[in-house]
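Welcome, and thanks for taking a look at this one with us. Please open the model and keep the sequence beside it while you read the briefing below.

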Amino acid sequence: MTTEWVAFWGVVAIALAVDLRFSKKSDPKSAAAWSAVWIGLGLGFGGWIALRLGTEAGITYLTAYVLEKSLSVDNLFVFILIFSLTGIPASLQHRALFWGIVGALAMRAALIAVGVEILERFQWAVYPLAALLAYAAYRMLRGEERQERFAERQCALCESWLARFIPIEPRLHGSRFVVRLNGRLMATPLLVALTVIETTDLLFAVDSIPAVFAVTRDPFLVYTSNVFAMLGLRSLYFLLAGVIRKLRFLKVGLAMMLLMAAAKLAVGDLYHVPPLASLAAIATVLIASIVASLLFPAAAKACGHRDQIAEVTPNSKGCEECLRKGDRWVNLRMCLKCGNVGCCDSSKNKHATAHFHATAHPVMRSIEPGESWKWCYVDRMKLD
């Protein structure tokens with residue numbers, strides 16, 4: 001192992017230990033501070049590479065880092081969906097994200113090693129990879145997000161593929177991923193969230209790793225840029241979770257980056273794009289998409305069913321239909337027109353949604369401890 005790899009792994013080990021020990025707060029102020037730390041670390045490592053391996057290597061690393069950091073922001077949309085569907089509170093989200101990112105680092109190391117080997121053995125492989133990136137950009141521009149659809153299916157606790165291997169206990173048990181109940185080892189919703197984070201990251205990696213191959217095929221620069229882009233992803237999630245969906249043109253910018261990467265891969269043997277030009281193009285697209293989102297925000301959606309919310313109390317202490325059947329479910333939603341209590345869409349029965357279809361009562365509220373959000377079935381939006 002070279003000196004560069006030893007230095008890299010030393011920095012990563014210290015960074016992960018610090019992250020696990022200190023950066024557990026989820027408030028925006030702490031998240032902003034830690035995001036600055038991780039971005040500074042990533043940029044600082046790029047400066048060290050420039051000193052150690054030369055200016056061109058430093059610029060190439062920085063280009064790959066900015067590209068991977070930008071594409072990793074797309075993960076945040078799915079993180080929000082995963083935690084919403086599995087009911088993981090903010091106090092536990094940091095634990096799932098930490099171990100999810102650790103697992104992703106190991107998985108991406110294997111994928112990058114395989115990708116580098118394929119490209120070295122089969123030069124023609126750049127063309128299928130370029131086509132894959134172009135198709136990923138097309139899906140993103142069309143709004144076809146397979147990661148989000150996959151996450152929606154797998155976050156239903158009773159339908160998750162994890163349930164094939166271990167029974168799932170629908171209640172959270174603190175920060176535990178598994179719990180033993182009545183002699184049976186069972187997975188908690190926190191483990192379901194972790195497995196969905198890992199499996200959806202595999203889908204993201206299929207897009208992002210070929211993109212970075214358009215910048216460089218040096219395994220050291222590819223992997224280090226991936227790692228430093230992901231190290232601060234947890235803090236970035238807590239910083240941007242509340243505003244990420246307001247960046248309406250961000251996905252357009254990410255799609256443009258994928259198209260540029262596809263083009264660079266396809267013509268790489270005919271024309272060499274200097275690393276500094278690649279960096280400038282990626283930075284320009286990213287900044288332009290953010291500025292356009294701020295200058296031209298989407299019109300705010302309004303719900304027309306607030307007048308149907310009544311002052312009601314729960315009709316029962318659990319899901320009414322599940323109680324009749326002798327079942328028990330703890331992720332509960334209450335109809336804000338009649339007080340009916342039903343189980344959420346992570347349950348096998350989905351009685352809260354069934355109540356809406358039977359009555360057309362439009363708005364429900366979570367009655368889980370610490371949650372008060374309201375959901376309008378008709379307008380498909382949260383009210384607060």
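Two strands are said to pair if DSSP finds at least two bridges between them. With that in hand, a good place to start is the hairpin of strand 1 and strand 2, which has two residues between its strands. Please keep in mind that this is a predicted model. The points below go from this hairpin to the sheet, then to the helices, a pocket and a loop residue.

**The hairpin**
- Strand 1 (residues 178-181) and strand 2 (residues 184-187) are joined by four bridges, and the pairing is antiparallel.
- Val 179 has Met 186 of strand 2 opposite to it.
- In the connection between the two strands, Asn 182 adopts a positive phi near 50°.

**The five-stranded sheet**
- Further along the chain you will find an open sheet of five strands, in the order 4-3-5-6-7, with antiparallel pairing.
- Strand 4 (341-343) and strand 7 (381-382) are the edge strands; each has a single partner strand, so one side of each has no neighbour in the sheet.
- Strand 3 (residues 332-335) and strand 5 (residues 363-366) run antiparallel and share three bridges; here Met 334 has Arg 365 of strand 5 as its bridge partner.
- On to the next pair: strand 5 is linked to strand 6 (residues 374-376) by three bridges, again antiparallel, and Met 364 is matched with Trp 375 of strand 6.
- Strand 6 also pairs with strand 7, in the antiparallel sense and over two bridges, where Trp 375 faces Lys 382 of strand 7.
- Trp 375 is therefore a handy residue to click on: it is the bridge partner of Met 364 and stands opposite Lys 382 in strand 7.

**Helix 2**
- Helix 2 (residues 28-53) contains 26 residues, and its first and last C-alpha atoms are 37 Å apart, close to the 38 Å expected at 1.5 Å a residue.
- Which residues of helix 2 are buried? They are Ser 30, Ala 31, Ser 35, Trp 38, Gly 42, Phe 45, Gly 46 and Ile 49.
- An α-helix has 3.6 residues a turn, so residues three or four places apart point the same way.
- Just after helix 2 comes Gly 54, with a positive phi near 115°.

**A threonine in helix 8**
- Thr 224 belongs to helix 8 (residues 219-231).
- Is Thr 224 buried or exposed? Its relative accessibility is 0%, so Thr 224 counts as buried.
- A polar atom of the Thr 224 side chain lies 3.4 Å from the backbone oxygen of Leu 221.

**The second largest pocket**
- This pocket has a volume of about 320 Å³.
- Its lining has 19 residues, and the closest to the centre are Ala 214, Val 215, Thr 216, Lys 264 and His 272.
- Helix 3 (55-86), helix 10 (250-267) and helix 11 (275-295) each contribute at least two lining residues.
- By type, the lining holds nine nonpolar, six polar and four charged residues.

**A loop residue**
- Val 273 sits in the loop between helix 10 and helix 11.
- With a relative accessible area of 24%, Val 273 is partly exposed.
- From Val 273 to Met 381 the C-alpha to C-alpha distance is 45 Å, and the two are 108 residues apart in sequence.

Key
Residues numbered from 1 in each chain as written. Predicted model: local features only at pLDDT ≥ 70, side-chain atom pairs only at ≥ 80, totals over all residues. Heavy atoms only, no water. Expected span 1.5 Å × (residues − 1). Buried < 20%, exposed > 50% of the residue type's maximum accessible area, 1.4 Å probe, protein only. 1 Å grid on protein atoms, 1.4 Å probe; cavity = no way out; pocket = protein on both sides within 12 Å on 5 of 7 lines; lining within 4 Å. Points joined across faces, edges and corners; volume = space filled by probe spheres on them. Nonpolar A, V, L, I, M, F, W, Y, C, P; charged D, E, K, R; others polar. Polar contact = N/O pair within 3.5 Å; in protein donor to acceptor, adjacent residues only side chain to side chain.
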